[in-house]
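Hello,

Here is the structure I promised to pass on to you. Please have a look at it first, and then read on for my notes.

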Amino acid sequence: MTEHRVSLRAPTEDDRDTFVRLFGDPEFMVFHSHGAMHLDAATARFDRMLRMADELHCSKRPVVERATGELVGYAGFDVMEFEGAQWLELGYRLIRSARGKGYATEACATILAQASVLFGGEVLGVVDPANSASKRVLDKVGFRYWKRATIGDDEVDVYHRELDGW
């Protein structure tokens with residue numbers, strides 16, 4: 001069995017400063033449709049992360065590098081509307097120094113295993129078409145390309161995967 005190099009945990013108020021700073025960091029938010037966030041938007045995004053943690057067990061959660069104890073990003077699901085329906089959408093983002101180590105794949109595999117216990121049906125992954133690393137992560141955890149779509153003002157690649165559920 002492979003040793004897990006990262007762990008996921010519920011976000012807490014103690015994470016606020018770190019995440020608000022990260023959401024305002026252009027490098028962390030490099031593939032976010034609107035880039036780095038201003039303080040109010042970053043704070044609102046973290047507030048949503050906390051709310052969703054109470055509502056959805058497999059919501060976006062801090063990814064912690066076990067060797068250092070450092071918070072290196074997040075991974076998990078959020079709810080989104082796409083083509084008139086509500087979907088669970090897998091999202092993840094890591095600090096630059098944690099990229100390319102397989103951490104995103106490991107964190108996503110963990111959250112997918114948790115989600116599969118709770119849910120059945122299709123889930124989505126939405127990726128900036130230029131983000132080839134993120135597309136590889138989705139491929140590794142069982143997602144398949146579905147189509148290119150426009151969400152808001154952004155052209156994105158949409159991936160999907162079936163969860164076994166219940």
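Let me start with Lys135. Leaving aside its neighbours within four places in sequence, Lys135 is in contact with Val127, Asp128, Pro129, Asp157 and Tyr159. Please keep in mind that this is a predicted model. You will find Lys135 in helix α4, which covers residues 132–140. Is Lys135 buried or exposed? Its relative accessible area is 17%, and the cut-off for buried is under 20%, so Lys135 counts as buried.

Next, the helices. In general, two packed helices are described by the angle between their axes and the distance between the axes. Here the pair is α1 (residues 16–23) and α2 (residues 39–55), which pack at an angle of about 130 degrees with their axes 9 Å apart. That angle makes α1 oblique to α2. The crossing of α1 past α2 is right-handed. Which residues make the contact? From α1 come Arg16, Phe19, Val20 and Phe23. From α2 come Leu39, Ala42, Thr43, Arg45, Phe46, Asp47, Met49 and Leu50. Sorted by character, the residues of this contact of α1 with α2 are eight nonpolar, one polar and three charged.

Now to the cysteines. As a reminder, a disulfide is a covalent bond between the sulfur atoms of two cysteines. How many disulfides does the structure hold? The number is zero. Take Cys58 as a case: the closest cysteine sulfur to its own is that of Cys108, 12 Å away, which is too far for a bond. To count as a disulfide, the two sulfur atoms would have to be within 2.5 Å. Looking from the other side, Cys108 has its closest cysteine sulfur in Cys58, again at 12 Å and too far for a bond. Cys58 is buried, at a relative accessible area of 0%, and Cys108 is likewise buried, with 0% relative accessibility.

One last spot to visit is Glu83. Where does Glu83 sit? Its place is the loop between β3 (71–82) and β4 (85–94). The phi angle of Glu83 is near 50 degrees, a positive value in a residue other than glycine. With 53% relative accessibility, Glu83 counts as exposed, because the cut-off for exposed is over 50%.

If you would like a route through the model, you could begin at Lys135 in α4, go on to the crossing of α1 and α2, and finish at Glu83 in its loop.

Best wishes

Technical notes. Residues numbered from 1 in each chain as written. Predicted model: local features only at pLDDT ≥ 70, side-chain atom pairs only at ≥ 80, totals over all residues. Heavy atoms only, no water. Axes fitted to C-alpha atoms, helices over the stretch in contact; angles between N-to-C directions. Helix = DSSP H or I, 4+ residues; strand = E, 2+ residues; numbered from the N terminus. Parallel < 35°, antiparallel > 145°, perpendicular 65-115°, else oblique. Left-handed = near helix turned anticlockwise from the far one by under 90°. Contact = heavy atoms within 4.5 Å. Nonpolar A, V, L, I, M, F, W, Y, C, P; charged D, E, K, R; others polar. Buried < 20%, exposed > 50% of the residue type's maximum accessible area, 1.4 Å probe, protein only.
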